[in-house]
Amino acid sequence: MQQVFESQQATALAWRRSTVQERIERIKRLRDGMLEQRDALYEAFMQDFHKPRMEVDGTEIIPTLDEAKHTISHLRKWMKPTRVSPTQLTLGNTGSIQYQPRGRCLIIAPWNYPLYLMFGPLISALAAGNPVILKPSELAPRVSAVMARIIAKVFRPEEVALFEGALQTSQELLAKPFDHIFFTGSPAVGKIVMAAAARHLASVTLELGGKSPTIVDETADLTKAAQTIMWGKFLNSGQTCVAPDHLYVHESVKDRFVAECKAVLAERYGSTAEQQRSSQDFTHVINQRHTQRVSGLLADAVQRGARVLAGGEVDQAQCYIAPTLIDQVPAQASIMGEEIFGPVLPIMGFTSIDQVIAEINSQPKPLALYVWSRDEPTIDKVLTNTSSGGVCVNHCMVHVAHGNLPFGGVNNSGIGNAHGIFGFKAFSHERGVLRSTWLNTIKMFFPPYTEGRQKVVTFLSGWLAR
Ligand code: NAD
């Protein structure tokens, strides 16, 4: 590891001069290497997650291809220095922003979308001209093994290297003076990563998680809301950073909305517990520990008085938890205190949108927030009075796939952005470049500080204060 890390320094210096064609060629190599292993990836996802092929395509391979294509199409423009006008004090100089590679980068990924959350940032890092060390999660080992094969085939270790492993590997890597660390994972580990980065003053991008709320008001299109939210919540068995975590629905439409949701679940996964359990279209929980954690949250909520509206079955051995809806969940239930990250959706009735906003603002800022309404003043009120990494109006999760939107959290849900030009910038140092022209206004600040110069300076400060 140390040898690879050291070898990447020469690459980092050489790649400062890399052209747009060279960077695009590296991204294409990665893309083609991934496509060559497509069948192995389907197999690995089935073994690690019981994840249907359609979902591997829809949530892993296609988003990675999209990131690559978008980056390849726009990289020439992104790499061009941006010209900026002089400000009053710097008249006579020109200014531009140069996008320089940051240098040696470390990307640490989680297990829930192990391919996209590793190769997506890698595409941005390569676009920005950086060598990279990758550390996938130990919890999706078959997918990690295929990714390791792809990287070893496509890149030399001094360009991009992948180290599989758990805590110890992560800690060893975090001890090294990387120039930038891009971490995707939980807020708790995000703090550890940021503390490690602080030792070398490495810059960080932290893509974290949290409890993303969803609001459905009385004017919403309930059918569209039910169809889309049931997709967002139960895709990947709820193990999605931007999955609707819990839901507030207006009391006056709650019963109708719940009925629509139950109908959608029956149509997609089967109407009996047995049909749902054997559904080939439903991903399972990643491992025994997480199955126990999520079923523990469910059991705690039920024990405190929550009602199961749909689902509720758990098969610990198969890491299976049915798509589950619950209501009457008391605020003290553990499920209302931690990110669920599993296929259980608490549904709360509300009568006052102000109360919902107050509840959201009493929690750490979420990664995503979803509002379903046809009433513009309500939408405006929610957008103005809340904060979250991203937000969708009458949609959910799809903002992640929008390459021209910044994707990231805020405070507890993250620092910095990914995707498209925002990912390129995350892996670039924005260097300010000033060039002097014939007009040398700084001369008025040179000593000796004569009365004449003092007058000019006094005039200038008066003018700037106006
Ligand atoms: P995690 O924080 O447990 O692990 C993420 C990575 O950090 C893994 O590679 C793991 O090996 C490593 N790691 C774990 N403990 C560590 C430690 N003490 N020191 C150093 N490294 C350590 O997260 P996870 O369980 O893999 O993923 C789930 C979390 O990630 C959820 O909170 C989810 O919301 C979040 N997430 C966020 C995004 C996003 O884009 N914002 C995307 C996916 C997941």
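A word on terms before the points: Ala, Val, Leu, Ile, Met, Phe, Trp, Tyr, Cys and Pro count here as nonpolar, Asp, Glu, Lys and Arg as charged, and the others, Gly among them, as polar. Please also keep in mind that this is a predicted model. Here are my notes, beginning with the enclosed spaces.

1. The largest cavity. The structure holds 2 cavities of 30 Å³ or more, and the largest cavity has a volume of about 130 Å³. Its lining comprises 15 residues, with L117, P121, F182, A418 and H419 nearest the centre. Two elements, α5 and β6, each give two or more residues to this lining. The largest share, 5 residues, belongs to α5. Sorted by class, the lining of the largest cavity has 9 nonpolar, 4 polar and 2 charged residues.

2. The second largest cavity. Here the space is about 50 Å³. If you would like to find the second largest cavity in the viewer, its lining is made of G210, K233, G238, T240, C241, A243, P244, D245, E339, I340 and F341. The class split for this lining is 5 nonpolar, 3 polar and 3 charged.

3. The second largest pocket. About 760 Å³ of space lies in this pocket, and 29 residues line it, of which G58, T59, P63, W231 and L235 are the closest to the centre. Helices α4 (53-79), α5 (116-127) and α10 (254-269) each contribute at least two lining residues. The largest share of the lining, 9 residues, is supplied by α4. By class, the count for the second largest pocket is 17 nonpolar, 7 polar and 5 charged.

4. Where that pocket sits. Why is the second largest pocket placed between domain 1 and domain 2? Domain 1 (2-208 + 414-430) and domain 2 (213-405) both give residues to its lining, so the pocket lies between them.

5. A mixed sheet. 6 strands form an open sheet with mixed pairing, and the order is β5-β4-β3-β6-β7-β17. The edges are held by β5 (160-162) and β17, and each has a single partner strand, so one side of each lacks a neighbour in the sheet. Within the sheet, β3 (residues 105-108) and β4 (residues 132-135) run parallel and are joined by 4 bridges. C105 has V132 as its bridge partner in β4.

6. Strand β7 and its neighbours. I would spend a moment on this strand. β7 covers residues 203-207, and 4 of its 5 residues are buried. Towards β6 (residues 180-184), the pairing is parallel, with 5 bridges; F183 stands opposite L206 of β7. Towards β17 (residues 414-415), β7 pairs in the antiparallel sense over 2 bridges, and here L206 stands opposite I415. L206 thus faces F183 and also I415.

7. The crossover. Which elements make up the right-handed β-α-β unit? They are β6, helix α8 (residues 187-200) and β7. This ties in with the parallel pairing of β6 and β7 noted above.

8. L173. This residue belongs to helix α7 (residues 167-174). Is L173 buried or exposed? With 0% relative accessibility, L173 counts as buried, because the cut-off for buried is under 20% relative accessible area. A distance you may like to check: the C-alpha atoms of L173 and L75 are separated by 29 Å, and the two residues are 98 apart along the chain.

9. Backbone points worth a look. Most residues other than glycine have a negative phi, and most peptide bonds are trans. Against that background, N394 has a phi near 55°, a positive value in a residue other than glycine. M397 is another case, with a positive phi of about 75° although M397 is not a glycine. N394 is in the loop between β16 (390-393) and β17, and M397 is in the loop between β16 and β17 as well. As to exposure, N394 is partly exposed at 22% relative accessibility, whereas M397 is buried at 7% relative accessible area.

10. A cis peptide bond. The bond that joins P447 and P448 is cis, with omega about 0°. P448 is found in the loop between β18 (428-436) and α16 (451-465).

Note on methods. Residues are numbered from 1 along each chain as its sequence is written. This is a predicted model: local features need pLDDT of at least 70, side-chain atom pairs count only at pLDDT 80 or more; totals for chains, interfaces and linings use all residues. Side-chain values use heavy atoms; hydrogens and water are left out. On a 1 Å grid over the protein atoms alone, a cavity is a set of points where a 1.4 Å probe fits but cannot get out, and a pocket is an open set with protein on both sides within 12 Å along at least five of seven lines; lining residues have an atom within 4 Å of a point. Grid points are joined across faces, edges and corners, and a volume is the space filled by probe spheres set on the points. Domain bounds come from an automatic or database domain assignment. Buried means under 20% relative accessible area, exposed over 50%, partly exposed in between (1.4 Å probe, protein chains only). Two strands pair if DSSP finds at least two bridges between them. A crossover is right-handed if, with the strands pointing away from the viewer, the path from the first strand over the helix to the second runs clockwise.
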